[in-house]
Amino acid sequence: MCGIIGFVGREQAAPILLDGLERMEYRGYDSAGIAVRSETKGLQVKKTKGRLKVLADLTHGGADLEGTLGIGHTRWATHGEPNDVNAHPHVSENGRIALVHNGIIENYMELKEHLQKLGVTFKSDTDSEVVAQLLEYHYNECHNMLEAVGRVLRRIEGSYAFGIICADYPNALIAARKDSPLILGYGRNGNFIASDVTAVIKYTRDVAYMDDGEIAVLTADSVDVFDDELVPVEKKRSTVNWDVSAAEKGGYPHFMLKEVMEQPEAIRKTISPRIKNGRVVLDEISLTEDYVRELSRIFIVACGSSYHVGMVSKYNWEKLLRRPVEVVLASEFRYCDPLVDEKTLVVIISQSGETLDTMAAMREAKRLGGRTLAIVNVVGSSIAREADDVLYTWAGPEIAVATTKAYTTQLVLMDLVGLYLADRLGSVEQKEYDVILSEMQQLPEKMQQVLCHKENIQYFASRYFNHDSIFFIGRNLDYAMGMEGSLKLKEISYIHSEAYASGELKHGTISLIEQGTLVVALGSYGPLFDKAMSNVVEVKARGAEVLALTTENFREKMEKTADATIAVPVTHPILQPSLGVVPLQLFAYYVALQRGCDIDKPRNLAKSVTVE
Ligand code: M6R
C-alpha cells in the first residue's frame with residue numbers, strides 16, 4: 001500500500017527521496033511527505049495531500065530541504081482521511097523524532113489512550129503517529145534510539161515497515177519491519193531503505209531483504225541489522241538484475257500500455273528456461289513424484305486478478321490432472337477453517353508477493369501441515385521467501401495498478417505446472433502434452449499478432465466508452481477470462497461491469513438486459529462455441545448490443561450475429577485465455593483513455609495491498 005523510502009549519505013537527500021517516491025507512487029497516492037535533517041536547520045518536514053507532484057512543487061524539487069539524511073512516504077490512507085495532517089512523516093511531540101510507516105498498528109487506540117493520559121497531544125487521526133509518540137516516550141526513558149525502537153516494537157501489534165530519523169542522531173537512519181516489505185540498498189554515496197527495489201535501482205543494485213522482526217541502523221558507510229533481541233544479524237545481499245528502464249515508461253503514455261505490449265517477451269522469458277527437449281523442467285521446485293501421487297487435495301489461493309488466474313487454472317488442471325482443484329479467495333481461505341493436511345498442495349499466486357491476505361492464507365496452509373507452492377513475480381518478496389517452493393513469473397517490474405503482463409505470465413506458468421504435475425501422474429496423453437507444449441512456445445508470436453491490431457480495439461472502445469454498465473458472459477474458460485476482462489474494465493474506467501457464466505443468465509441476470517445494454521460475449525473456447533453463439537442470440541433478442549470475442553476460425557460465424565467482433569489466433573483450448581485476455585486488457589485501457597481516467601493510478605486503489 002504506502003511506499004516508504006529513506007536515505008543517508010553524502011548527497012542531498014530530498015531530491016533522492018522524491019525520485020524514489022515517484023517510482024513507488026503506484027503503491028499509494030493520496031498524500032506524500034518527506035523529512036530531512038541538517039546540521040543547521042535540524043528536522044525539516046514537508047507533507048501534503050495529493051499526488052507527489054504537489055509535494056515536489058512545494059519543495060522546488062526538494063531544493064528547499066537541506067540535509068543528507070531523510071525519509072519519505074507516499075500514502076494510501078487507512079486510518080484518517082487523506083489530508084495534510086494525516087500525511088506522513090509523523091513527528092513526535094517534541095519535534096525531534098520523525099517516522100514514516102507502511103502497515104497497520106492494530107492496538108494503536110489503546111496505546112494512544114495510554115499516552116494521552118500521560119499528557120501527550122496528538123495532531124493526526126493515524127495509527128502511525130502513535131508510534132512516533134511512543135518512540136519519544138521510550139527514548140526519554142533510555143536515551144538510546146536503538147533500544148527505544150526495540151521497546152516500541154515489543155509493545156505494538158500489527159504490520160509495519162518503519163523509517164525513522166531523530167534529531168539527536170545526525171548520521172543515522174533506523175528501519176524496522178514486520179509483515180510489510182522493506183529492502184536495504186547499499187550505495188556508493190550512501191545507503192537506502194525502501195518498500196520496493198524500484199525506488200533505489202537508479203542508485204544501486206546491491207540490496208538485502210529485511211526479515212520480520214529485524215531492525216536496521218544505516219549510516220553513510222554502514223548498514224547494521226539486528227534481530228528483535230537486538231542481536232546483530234548477518235544479511236545475505238543480492239544483486240537486482242533488471243534494468244532501470246524496465247521501471248520507466250519508455251515512450252509509452254502509460255505504464256499499462258507499455259506492460260500490455262511487453263507481454264510476448266514476458267511470456268517468452270517465463271516459459272523458455274522451463275522447456276527443455278520437449279519436456280517441462282521445473283528444477284526450482286522439489287515436489288517428488290511420490291508426493292504428487294499421494295496428493296489428496298489441491299487448493300489455489302489468491303486475490304483479484306491472481307485469483308482469476310486460479311479460476312482458469314482450475315478448469316485446466318482438472319482436465320489435465322483428473323484431480324479436484326479448489327480455488328479460494330485468500331481473504332476467505334484464511335478464515336474458513338480449510339481442509340488442509342500434509343497431502344494437500346496449496347498453490348499461492350501473487351504478483352507482488354506481499355498481498356497481506358494471500359500471505360496470511362499461505363501461513364494458515366503451512367500451519368495446517370499443507371505444502372505451499374508460490375507463483376510470484378517480485379523476487380525476494382515475503383511470499384516468495386516463506387513458501388516451501390517458489391516459481392517466478394519473469395514479467396519484470398509491473399508498475400500500473402491494473403495488472404496485465406503479470407496476469408498472462410501467471411497463466412502460462414500455471415499451465416506449465418499443470419503439465420508438469422500431469423506428466424508425473426501419467427494423466428495426460430503424450431500427444432496432447434506435446435501439442436500443448438508446442439502451442440505454448442508459439443504463444444508470444446500469436447500474442448504479437450493480437451497486439452498488432454490494437455487500433456481495432458481502440459475503435460471499439462471509442463464506440464462503446466459511454467456505456468454505464470457492461471456485462472461479460474462466457475462459459476468455462478471464457479467465463480474465467482471474462483472475470484478478468486470485467487475487473488480490468490471496472491478498475492480503470494469506473495464503468496460498472498459484471499462477469500457471468502452464460503448459463504446463469506436465465507437464472508436472474510437476463511432481467512438486466514434491455515435495449516442497448518452492452519454485452520461482451522466471449523466465444524473463444526472452441527469446444528463450447530455453439531453454446532456461446534446461442535447466448536449471443538439470446539441477449540440480442542432482448543435488445544443487447546453485442547461485442548463478441550472469438551477465434552479466427554469462428555470469426556465469420558460470429559460476425560453474422562454480433563454487432564462487432566474481435567478475433568484472436570487459434571491455439572490449444574487450454575491456452576486460449578492467454579490470447580483472449582489481451583483484447584480485453586486493451587479494451588479496458590482505451591475505454592479508460594476515452595473517459596479521461598487516470599489509468600495507471602485508478603482512484604482508491606494501490607498496487608500492492610499490504611493491509612487486510
Ligand atoms: O500482488 P497480487 O497478485 O497478490 O495482487 C492481487 C490483487 O490485488 C491484484 O491482482 C489486483 O486485483 C489488480 N490490481 C487487478 O488488476
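Which domains does the domain assignment of the protein give? In this predicted model, the assignment gives domain 1 (3-241), domain 2 (255-450) and domain 3 (454-594). The centres of domain 1 and domain 3, taken over C-alpha atoms, are separated by 46 Å.

The ligand sits in the second largest pocket. Helix H9 (304-321) and helix H16 (477-493) are the elements that give two or more residues to the shell around the ligand. Two domains are drawn on for this shell. Domain 2 (255-450) supplies at least three residues, and domain 3 (454-594) likewise supplies at least three.

In total, 15 residues surround the ligand. The closest are Ser306, Ser350, Gln351, Thr355 and Glu491. By class, five residues of the shell are nonpolar, eight are polar and two are charged.

Several side chains place polar atoms beside oxygen atoms of the ligand. For Thr355, a polar side-chain atom lies 2.4 Å from a ligand oxygen. For Ser350, an N or O atom of the side chain is 2.7 Å from an oxygen atom of the ligand. For Ser352, the distance from a side-chain N or O atom to a ligand oxygen is 2.7 Å. Taken alone, the ligand exposes 420 Å². The protein buries 90% of that area.

Two backbone features were found away from the description of the ligand shell. Both concern loops between strands. The first is a peptide bond. From His88 to Pro89 this bond is cis, and its omega is near 0°. Pro89 belongs to the loop that runs between strand S4 (69-75) and strand S5 (90-91).

The second feature is a backbone angle. Asp179 has a phi near 60°. This value is positive, and the residue is one other than glycine. Asp179 is placed in the loop between strand S8 (173-178) and strand S9 (183-186).

Terms used
Residues are numbered from 1 along each chain as its sequence is written. This is a predicted model: local features need pLDDT of at least 70, side-chain atom pairs count only at pLDDT 80 or more; totals for chains, interfaces and linings use all residues. Side-chain values use heavy atoms; hydrogens and water are left out. A residue is near a molecule or strand if one of its heavy atoms lies within 4 Å of it. A polar contact is a pair of N or O atoms within 3.5 Å; within protein, one must be able to donate a hydrogen and the other to accept it, and residues adjacent in sequence count only if both atoms are side-chain atoms. Accessible areas come from the Shrake-Rupley method with a 1.4 Å probe; for residues, only the protein chains shown count as cover. On a 1 Å grid over the protein atoms alone, a cavity is a set of points where a 1.4 Å probe fits but cannot get out, and a pocket is an open set with protein on both sides within 12 Å along at least five of seven lines; lining residues have an atom within 4 Å of a point. A molecule sits in a cavity or pocket if more than half of its atoms lie within 2 Å of its grid points. Helices (H or I, at least four residues) and strands (E, at least two) are DSSP runs, numbered from the N terminus. Ala, Val, Leu, Ile, Met, Phe, Trp, Tyr, Cys and Pro count as nonpolar, Asp, Glu, Lys and Arg as charged, and the others, Gly among them, as polar. Domain bounds come from an automatic or database domain assignment.
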